[in-house]
Amino acid sequence: MSSNKPFASYVVNNLYDNNFFTEDLPGLLADAGSAEESDKWFRVVKRIFADNPPLQLNESQLESGIIKPVLGVLGWFVLPQDTKVIQGKNIRPDWTLFASKKDKDKYLSIPPHQRRDVVEGIITFAEIKSADKELDTRKASRKDNPYLQLVEYLLLTRIPFGVEWWLVDNEKISAEKRFLRVDLAQIIADDNADAFRCFYYLFHRTTFVPNKPEEKSVFITISQTDAERRNASEEDLRKVIYGADGTESLFEVTGRALFAAAGKKADPAVL
């Protein structure tokens with residue numbers, strides 16, 4: 001039986017404010033056009049999951065049975081287990097993602113020993129863990145915490161985001177963990193085509209790759225819009241609290257209310 005639960009119910013959101021679900025995501029879907037394409041791929045992904053129950057697979061089986069085909073559905077051109085050496089440190093992401101076959105072929109034309117520090121053409125990385133493994137263990141070691149493992153890859157390569165069916169944004173330094181986690185397996189289990197459409201366009205290659213080099217990607221635009229909205233909210237709050245640009249401060253309003261409640265007597269004992 002299909003479900004009509006909203007996409008937000010499948011998400012742990014440590015990345016955007018709640019306006020993302022009411023403003024930004026609907027805009028992304030509107031620009032993407034009809035649901036016909038995502039519905040077609042929804043049927044494909046349902047078959048993938050039916051043939052490969054995630055909780056019954058180890059990491060290698062999960063990669064070959066689910067992750068690689070779903071990355072293909074999302075339009076990515078992928079390269080597995082490519083070793084990078086950045087600032088003397090070896091890293092080997094499970095999957096390196098490219099925007100086009102041309103970019104991938106150009107990268108592969110570089111001999112392996114010469115491309116170890118090359119990131120040109122790479123859009124992002126995907127790190128795979130078995131379905132029963134917690135992705136953020138809250139431990140400080142990258143060996144014990146998959147989230148930190150991916151963030152380290154992004155920091156070393158200066159690539160701003162990664163994908164684990166988590167969208168990890170590392171574009172700017174933050175004291176908080178910045179990710180958007182989507183439970184794709186539950187979307188499939190619930191047979192929720194509308195929620196899958198949100199997942200499909202949010203994680204699709206075209207969201208991260210601009211049509212022209214001089215343009216911003218949809219992902220960058222959404223991130224900047226979210227940052228501007230947060231800054232505007234903080235500025236509005238500052239005006240209310242301290243008073244600015246003709247706005248009465250919270251202290252002034254509170255003081256006047258207390259004065260009125262005390263019968264307009266300026267006796268501190270009454271106040």
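This report describes the fold, helices, cores and selected residues of a predicted model.

**Overall composition**

The protein has 271 residues, of which 42% count as buried. Its secondary structure comes to 10 helices and nine strands. Among contacts with a separation of 6 or more, 59% are between residues 24 or more positions apart. The exposed surface is about 15300 Å², and carbon and sulfur atoms supply 51% of that area.

**Helices α1 and α3**

Helix α1 covers residues 19–32, which makes 14 residues. Its end C-alpha atoms lie 19 Å apart, in agreement with the 20 Å that 1.5 Å a residue should give. There is nevertheless a bend of about 30 degrees at Leu25, and the proline Pro26 follows within four residues. The buried residues of α1 are Phe20, Phe21, Asp24, Leu25, Leu28 and Leu29, so the residue at the bend, Leu25, is among those that are buried.

Helix α3 runs over residues 59–73 and has 15 residues. From first C-alpha to last it reaches 20 Å, close to the 21 Å expected at 1.5 Å a residue. A kink of about 35 degrees lies at Ile67, shortly before Pro69. At the start of the helix, a side-chain oxygen of Asn58 comes to within 3.1 Å of the backbone nitrogen of Ser60. Just after the helix, Gly75 has a positive phi of about 90 degrees.The buried residues of α3 are Leu62, Glu63, Gly65, Ile66, Ile67, Val70, Leu71 and Val73. Their packing partners are the helices α2 (36–51), α6 (184–189) and α7 (193–203), together with the strands β2 (77–80) and β5 (95–98).

**Nonpolar cores**

In soluble globular proteins, nonpolar side chains tend to be buried together. The largest nonpolar core here holds 48 residues, and Phe7, Phe196 and Phe199 touch the most other members. Helix α7 gives the most to this core, with eight residues. A second, separate core has six residues, including Phe98, Val118, Ile122 and Phe125.

Leaving aside neighbours within four places in sequence, Phe7 is in contact with Phe21, Leu25, Val182, Ile187, Ala195, Cys198, Phe199 and Leu202. Two of these partners, Phe21 and Leu25, are listed among the buried residues of α1.

**Buried polar residues**

Three polar residues with low relative accessible area are described next. Ser38 is found in helix α2 and is buried, with a relative accessible area of 0%. Its side chain reaches the backbone oxygen of Ala35 at 3.1 Å. Not counting residues up to four places away in sequence, Ser38 touches Phe196, Arg197, Tyr200 and Tyr201. Of these, Phe196 is also one of the residues that touch the most other members of the largest core.

Asp24 lies in helix α1. Its relative accessible area is 13%, under the 20% limit, and therefore Asp24 counts as buried. Beyond four places in sequence, Asp24 touches Asn19, Ile222, Thr225 and Arg229. Asp24 and Ser223 are 199 residues apart in sequence, while their C-alpha atoms are 9.7 Å apart in space.

Asp82 sits in the loop between β2 and β3 (84–86). With a relative accessible area of 7%, Asp82 is buried. A polar contact of 3.4 Å joins its side chain to that of Arg115. Arg115 also appears in the contact list of Asp82, along with Ile91, Arg92, Pro93, Thr96 and Tyr107, when residues up to four places away in sequence are not counted.

**Accessibility of selected residues**

The table collects relative accessible areas for the residues above and for two loop residues treated below.

| Residue | Relative accessible area | Class |
|---|---|---|
| Ser38 | 0% | buried |
| Asp82 | 7% | buried |
| Asp24 | 13% | buried |
| Asp191 | 25% | partly exposed |
| Gln81 | 36% | partly exposed |

**Positive phi outside glycine**

Gln81 has a positive phi of about 50 degrees although it is not a glycine. Gln81 is placed in the loop between β2 and β3, the loop that also holds Asp82. Gln81 is partly exposed, at 36%, whereas Asp82 is buried, at 7%.

Asp191 is also not a glycine, and its phi is positive, near 55 degrees. This residue lies in the loop between α6 and α7. Its relative accessibility of 25% is between the limits of 20% and 50%, so Asp191 counts as partly exposed. The two helices that flank this loop, α6 and α7, are among the elements against which the buried residues of α3 pack.

Methods: Residues numbered from 1 in each chain as written. Predicted model: local features only at pLDDT ≥ 70, side-chain atom pairs only at ≥ 80, totals over all residues. Heavy atoms only, no water. Expected span 1.5 Å × (residues − 1). Bend = angle between axes of the 7 residues up to and from the residue. Buried < 20%, exposed > 50% of the residue type's maximum accessible area, 1.4 Å probe, protein only. Contact = heavy atoms within 4.5 Å. Polar contact = N/O pair within 3.5 Å; in protein donor to acceptor, adjacent residues only side chain to side chain. Core = buried A, V, L, I, M, F, W, Y, C linked by side-chain atoms within 4.5 Å. Areas by Shrake-Rupley, 256 points an atom, 1.4 Å probe, with all protein chains shown as cover.
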